[in-house]
Amino acid sequence: MQGTVDGFSYGAVTPVVAYLMACLGGALGLRCTTRSLLVTHSRRPAWLALGSAAIGSGIWTMHFVAMMGFSIEQAPIHYDRPMTYASLALAVVMVGVGIFIVGYRGATGTPLFTGGTITGLGIASMHYLGMAGVRFHGRFTYNTLTVAASVVIAVVAATAALWAAGQVRGFAWSLGASAVMGLAVSGMHYTGMAALGVHLDGGYHGAGGAPEASALAPMLIGPLAFLLLAGVVVIFDPLMVTGRPDWRPVEHKPGVPAAAVAPHADRRPALHEGRGPAGHPAAHQGSRIL
């Protein structure tokens, strides 16, 4: 029996809020990625890890906010929690791999392509693993071409967002990158949902509808709290808004734009006015004349 699906049970509310959640996670994560390019080599992993977790949490939160508006008219929906949380872990890990590649190898060429592809595949994998955690009296089927299109959307937009984050051009540039990342997540999600077909078990007849908010709200509390914490860290970091390099001597960082790296402090001896450096023969020339 074919089921009737409604992806917008609450109208435009769920897609708009879901997109904003994706943009929030993207803004925090990509800004942390940009920040990692401006600090010493030893501090970079912490910023990249925070960025990975922020983007992964934003992707996951976006998906399940959007799923609040998803309903099957003939069957109630439930969620398998272990599978649902596994999708969150998968998103964080795969996005993390992509971000670390870009953070250490640079946002150009092969590293950008590889990092963007892995990040996009992480977005898609999170979506379809999350859908595998949906429980109802039936099964999902997918249109292969539409699924492939959803993966391409995720990969292309994620690559563009990582490229923009790697430019290290200030806060406004990162906001644009986060909007692209939000487009990647939301576009992938709704394209993937368009590929969905529902087949109900023949012996089941019951009332369906969208899942109650109380069913998803407890699962969303943790990621939302983390995004809030990440936002506090980003806001109170003194160099996040200005986008200037750290004042400490900057170590060699592959792929970082030359203009973004502060020059090393000049270690040459100070010049006296009208004379060469102290200890140089020219420094004593004037004293012999006097």
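**Entry 1: a tryptophan and its partner**

I began with Trp-60, which counts as buried because its relative accessibility is 0%, and I note here that the structure I am reading is a predicted model. I then looked for a ring beside it and found Tyr-85: the two ring centres are 6.2 Å apart and the planes lie at 15°, so the pair is stacked. Trp-60 sits in helix α2 and Tyr-85 in helix α3, 25 residues apart, and the pair links distant parts of the chain. Is Tyr-85 buried, exposed or partly exposed? With a relative accessible area of 37%, Tyr-85 is partly exposed, because the buried class ends at 20% and the exposed class begins over 50%. I also wrote down that Trp-60 and Tyr-85 belong to one aromatic cluster together with Phe-64 and Tyr-79.

**Entry 2: other aromatic pairs**

I searched the whole structure for aromatic pairs, and the count came to eight. One of them is Phe-8 with Tyr-190, whose ring centres are 5.5 Å apart with planes at 10°, so this pair is stacked. Phe-8 lies in the loop between β1 (5-6) and α1, while Tyr-190 lies in helix α6, and 182 residues separate them along the chain. I looked up how covered each ring-bearing residue is: Phe-8 is partly exposed at 45% relative accessibility, and Tyr-190 is partly exposed at 23%.

**Entry 3: the chain as a whole**

I stepped back to the full chain, in which I counted eight helices and six strands. Read from the N terminus, the order of elements is β-α-α-β-β-α-α-β-β-α-α-β-α-α. The chain has 290 residues, and buried residues make up 47% of them. Its accessible surface comes to about 13,700 Å², and 68% of that belongs to carbon and sulfur atoms. For the contacts between residues at least 6 apart in sequence, I found that 85% join residues at least 24 apart.

**Entry 4: the nonpolar cores**

Next I turned to the nonpolar residues inside the structure. In soluble globular proteins, nonpolar side chains tend to be buried together. Which residues have the most contacts inside the largest nonpolar core? They are Ile-72 and Phe-140, in a core of 52 residues. The elements that give two or more residues to this core include α1 (13-36), α3 (81-105), α4 (109-132) and the strand β6 (196-200). Helix α2 provides the largest share of the core, nine residues.

I followed Phe-140 further, setting aside its neighbours within four places in sequence, and found it in contact with Phe-70, Ile-72, Met-131, Val-134, Leu-196, Gly-197 and Val-198. There is also a second, separate core of nine residues, and among them are Cys-32, Trp-47, Ala-54 and Leu-227.

**Entry 5: helix α5**

I checked the length of α5 against what its residue count predicts. At 1.5 Å a residue, its 22 residues should span 32 Å, and the C-alpha atoms at its two ends are 32 Å apart, which agrees. At the start of α5, a side-chain oxygen of Asn-143 comes to within 3.1 Å of the backbone nitrogen of Leu-145. I then listed its buried residues, among them Val-147, Ser-150, Ala-154, Ala-157, Ala-158, Ala-161, Leu-162 and Ala-165. An α-helix has 3.6 residues a turn, so residues three or four places apart point the same way.

**Entry 6: three single residues**

I looked up Thr-33, which has its place in helix α1. Thr-33 is buried, with a relative accessible area of 2%, and its side chain reaches the backbone oxygen of Gly-29 at 2.9 Å. Apart from neighbours within four places in sequence, Thr-33 is in contact with Leu-48 and Ile-99.

Where is Arg-81 found? It is in helix α3, and I noted that Arg-81 is partly exposed, with a relative accessible area of 41%. The C-alpha atoms of Arg-81 and Gly-130 are separated by 9.7 Å, although the two residues are 49 residues apart along the chain.

My last residue was Ala-132, which lies in helix α4 and counts as partly exposed at 37% relative accessibility. Its C-alpha atom and that of Asp-80 are separated by 8.6 Å, with their places 52 residues apart along the chain counted as the distance apart.

Terms used
Residues numbered from 1 in each chain as written. Predicted model: local features only at pLDDT ≥ 70, side-chain atom pairs only at ≥ 80, totals over all residues. Heavy atoms only, no water. Core = buried A, V, L, I, M, F, W, Y, C linked by side-chain atoms within 4.5 Å. Buried < 20%, exposed > 50% of the residue type's maximum accessible area, 1.4 Å probe, protein only. Helix = DSSP H or I, 4+ residues; strand = E, 2+ residues; numbered from the N terminus. Contact = heavy atoms within 4.5 Å. Expected span 1.5 Å × (residues − 1). Polar contact = N/O pair within 3.5 Å; in protein donor to acceptor, adjacent residues only side chain to side chain. Areas by Shrake-Rupley, 256 points an atom, 1.4 Å probe, with all protein chains shown as cover. Phe/Tyr/Trp six-rings, centres within 6.5 Å; stacked < 30°, edge-to-face > 60°.
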